[in-house]
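I opened the model to look up how its helices are packed. My notes follow in the order in which I made them.

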Amino acid sequence: MTQTALPWAEKLSDPLAHDVATVLQRMGGSAHQDMVINCVAALKRQRGESVTQDLKMKIIEVFERYRDFFIRPFGEGSLRWALAPGVA
């Protein structure tokens, strides 16, 4: 079976950042922060991983840490996040 390589797969070694990028890609490239958090939590549950109370904080930290991959298309203060151009 051939699997399509995700453009960020090799560059994002952080599993949580990889999950965030996957969710954004599946949602067309951008989504509201709360939707991303809920979808990442669902992914983790599907894999049998625990979802802790600090998941929201960790995802927000991922957005901020990986600004080369994630942007706020409507400017700072917006809660919408997107894959940076060239990442998707």
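**Entry 1: Asp19**

I started with Asp19, in a model that is predicted. Is Asp19 buried or exposed? The relative accessible area of Asp19 is 8%, and the cut-off for buried is under 20%, so I logged Asp19 as buried. Asp19 is part of helix H1, which covers residues 15-26.

Next I asked which residues Asp19 is in contact with, leaving aside its neighbours within four places in sequence. I found Val40, Leu43, Lys44 and Arg47. For one of these partners, Leu43, I looked up the C-alpha separation from Asp19: 7.8 Å, for two residues that are 24 apart along the chain.

**Entry 2: H1 and H2**

I then turned to the pair H1 and H2. Their axes are 9 Å apart, and the packing angle is about 115°. Angles of 65 to 115 degrees count as roughly perpendicular, so I noted H1 and H2 as roughly perpendicular to each other. The crossing of H1 with H2 is right-handed.

Which residues make this contact? On the H1 side I listed Leu16, Asp19, Val20, Val23, Leu24 and Arg26. On the H2 side I listed Val36, Cys39, Val40, Leu43 and Lys44. By class, the contact of H1 with H2 holds eight nonpolar residues, three charged and no polar ones. Asp19, my starting point, is in the H1 part of this list.

**Entry 3: H1 and H3**

I looked up H1 against H3 as well. The angle here is about 80°, with 10 Å between the axes. I therefore wrote down H1 and H3 as roughly perpendicular to each other. H1 contributes Leu16, Ala17, Val20 and Leu24 to the contact, and H3 contributes Leu55, Lys58, Ile59, Val62 and Phe63. I recorded eight nonpolar residues, one charged and no polar ones for the contact of H1 with H3.

**Entry 4: H2 and H3**

The remaining pair was helix H2, residues 33-46, and helix H3, residues 55-65. At what angle do H2 and H3 pack? I read about 115°, and the axes are 10 Å apart. H2 and H3 are therefore roughly perpendicular to each other. I entered their crossing as right-handed.

From H2, the residues that meet H3 are Gln33, Asp34, Val36, Ile37, Val40, Ala41 and Lys44. Their counterparts in H3 are Leu55, Lys56, Ile59, Ile60 and Phe63. The classes in the contact of H2 with H3 come to eight nonpolar, one polar and three charged.

**Entry 5: the whole chain**

I finished with the chain as a whole. How many helices and strands does the chain have? I counted three helices and three strands, and their order from the N terminus is α-β-α-α-β-β.

The chain has 88 residues, and 40% of them are buried. For contacts with a separation of 6 or more, I noted that 44% join residues 24 or more positions apart. The last value I took was the accessible surface of the chain, about 5,600 Å², with 52% of it belonging to carbon and sulfur atoms.

Notes: Residues numbered from 1 in each chain as written. Predicted model: local features only at pLDDT ≥ 70, side-chain atom pairs only at ≥ 80, totals over all residues. Heavy atoms only, no water. Helix = DSSP H or I, 4+ residues; strand = E, 2+ residues; numbered from the N terminus. Buried < 20%, exposed > 50% of the residue type's maximum accessible area, 1.4 Å probe, protein only. Contact = heavy atoms within 4.5 Å. Areas by Shrake-Rupley, 256 points an atom, 1.4 Å probe, with all protein chains shown as cover. Axes fitted to C-alpha atoms, helices over the stretch in contact; angles between N-to-C directions. Parallel < 35°, antiparallel > 145°, perpendicular 65-115°, else oblique. Left-handed = near helix turned anticlockwise from the far one by under 90°. Nonpolar A, V, L, I, M, F, W, Y, C, P; charged D, E, K, R; others polar.
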